[in-house]
Amino acid sequence: MQAVICPAYLPNVPYFAWLCSQELVNFVTDTHYQKQTFRNRTPIYGANGKLNLTIPISHTEKEKIQENAVIISYEMNWQNNHWKSICSAYKSSPYFEFYEHDLALSFNEKTTTLFDFNIHLIEKVMLLMEHHFIFQKVAWNPRKHKRLDLFLEAKNPQLLEQEVYTQVFMKKTGFLPNLSVLDVLFNLGPNCANYLKNAARFI
């Protein structure tokens, strides 16, 4: 059975560590979108602790909608708000300025679907990490595929015991694990890929 997964918004460490351990990632396009998951939200480390950033979705009358058909809403300027929150959380991290320009560009572009926007960001982070990343989009086949929905559950998230690294606000709040991959990228920089590869052993 091949593992398939839906792309998440700036995935957390367990999800991204799994991605880094795969030779080929299968992003499933036509399973049904689930609300209140990491598909459209990501946790970062703000000055007051964990902060969830959520992408607003255009509402539809359909009860069930395919993953690749979910439309991002731009009625509010959420991109600007998310980027401001990311800057506020990580501007004093060791490698923020190194990656800031490349990531800021992604928050100035309006992508239609959540599916494509999430893949774009995953590809961008992989590129910044200098990690070779290959993926394909696949249609769901219950005879061939196994869904990894556990990585997307926000209410009962997949937790990973992580090696402690220095975080911006850890002296105030302590070490927070299982945050967005951005937390590792901005704090560890070139060591981000090795950290995630090592973390993948414990999934």
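1. Gln-36 is partly exposed, with a relative accessible area of 45%. The residue sits in the loop that joins strand 2 (25–28) to strand 3. Although Gln-36 is not a glycine, its phi is positive, at about 55°. Most residues other than glycine have a negative phi. The model under discussion is a predicted one, and the backbone angle at Gln-36 should be read as a value of that model.

2. A second positive phi in a residue other than glycine occurs at Asn-178, where the angle is near 60°. Asn-178 belongs to the loop between helix 5 (170–173) and helix 6. Is Asn-178 buried or exposed? Its relative accessibility is 8%, so Asn-178 counts as buried. Gln-36, by contrast, is partly exposed.

3. Asn-178 also appears among the contacts of Asn-12. With residues up to four places away in sequence set aside, Asn-12 touches Phe-38, Asn-178, Leu-179, Ser-180 and Val-181. Asn-12 itself is placed in the loop between strand 1 (2–5) and helix 1 (13–20). Its relative accessibility of 5% means that Asn-12 counts as buried. A polar atom of the Asn-12 side chain lies 3.1 Å from the backbone nitrogen of Tyr-15.

4. Val-181, one of the residues touched by Asn-12, is part of helix 6 (residues 181–188). Why is helix 6 described as largely enclosed by the rest of the structure? The reason is that eight of its eight residues are buried. These buried residues are Val-181, Leu-182, Asp-183, Val-184, Leu-185, Phe-186, Asn-187 and Leu-188. Asp-183 and Asn-187 are thus listed as buried along with Val-184 and Leu-185.

5. Which elements cover the buried residues of helix 6? The cover includes helix 1, strand 3 (41–46) and helix 2 (78–90). It also includes helix 3 (96–106), helix 4 (114–129) and helix 7 (192–199). Just after helix 6, Gly-189 adopts a positive phi of about 55°.

6. Pro-190 is located in the loop between helix 6 and helix 7. Its relative accessibility is 57%, so Pro-190 counts as exposed, whereas the residues of helix 6 are buried. Apart from neighbours within four places in sequence, Pro-190 is in contact with Tyr-95 and Tyr-99. From Pro-190 to Leu-105 the C-alpha to C-alpha separation is 20 Å, and the two residues are 85 residues apart in sequence.

7. Leu-19 lies in helix 1, one of the elements that cover helix 6. At 0% relative accessibility, Leu-19 counts as buried. Beyond its neighbours within four places in sequence, Leu-19 is in contact with Val-25, Phe-27, Ile-122 and Met-126. Leu-53 is 34 residues from Leu-19 along the chain, and their C-alpha atoms are separated by 21 Å.

8. How many disulfides does the structure hold? The number is zero. Cys-20 is in no disulfide, and the nearest cysteine sulfur, that of Cys-192, is 7.2 Å away. For Cys-192, the closest cysteine sulfur is likewise the one in Cys-20, and this distance of 7.2 Å is too far for a bond. Both cysteines are nevertheless shielded by the model's criterion: Cys-20 is buried, with a relative accessible area of 8%, and Cys-192 is buried, with a relative accessible area of 0%.

9. The search of the whole structure finds one cavity of 30 Å³ or more. The largest cavity contains about 40 Å³ of space. Its lining consists of Cys-6, Pro-7, Tyr-33, Arg-39, Glu-67, Leu-114, Phe-115 and Asn-118. By class, this lining has five nonpolar, one polar and two charged residues.

10. The largest pocket holds about 390 Å³ of space. Which residues of its lining lie nearest the centre? They are Tyr-33, Lys-35, Ile-57, Ser-58 and His-59, out of a lining of 20 residues. The classes represented in the lining are seven nonpolar, eight polar and five charged. Tyr-33 is listed for the lining of the largest pocket and is also listed for that of the largest cavity.

Notes: Residues are numbered from 1 along each chain as its sequence is written. This is a predicted model: local features need pLDDT of at least 70, side-chain atom pairs count only at pLDDT 80 or more; totals for chains, interfaces and linings use all residues. Side-chain values use heavy atoms; hydrogens and water are left out. Helices (H or I, at least four residues) and strands (E, at least two) are DSSP runs, numbered from the N terminus. Buried means under 20% relative accessible area, exposed over 50%, partly exposed in between (1.4 Å probe, protein chains only). A polar contact is a pair of N or O atoms within 3.5 Å; within protein, one must be able to donate a hydrogen and the other to accept it, and residues adjacent in sequence count only if both atoms are side-chain atoms. Contact means heavy atoms within 4.5 Å. On a 1 Å grid over the protein atoms alone, a cavity is a set of points where a 1.4 Å probe fits but cannot get out, and a pocket is an open set with protein on both sides within 12 Å along at least five of seven lines; lining residues have an atom within 4 Å of a point. Grid points are joined across faces, edges and corners, and a volume is the space filled by probe spheres set on the points. Ala, Val, Leu, Ile, Met, Phe, Trp, Tyr, Cys and Pro count as nonpolar, Asp, Glu, Lys and Arg as charged, and the others, Gly among them, as polar. A disulfide is a pair of cysteine sulfur atoms within 2.5 Å.
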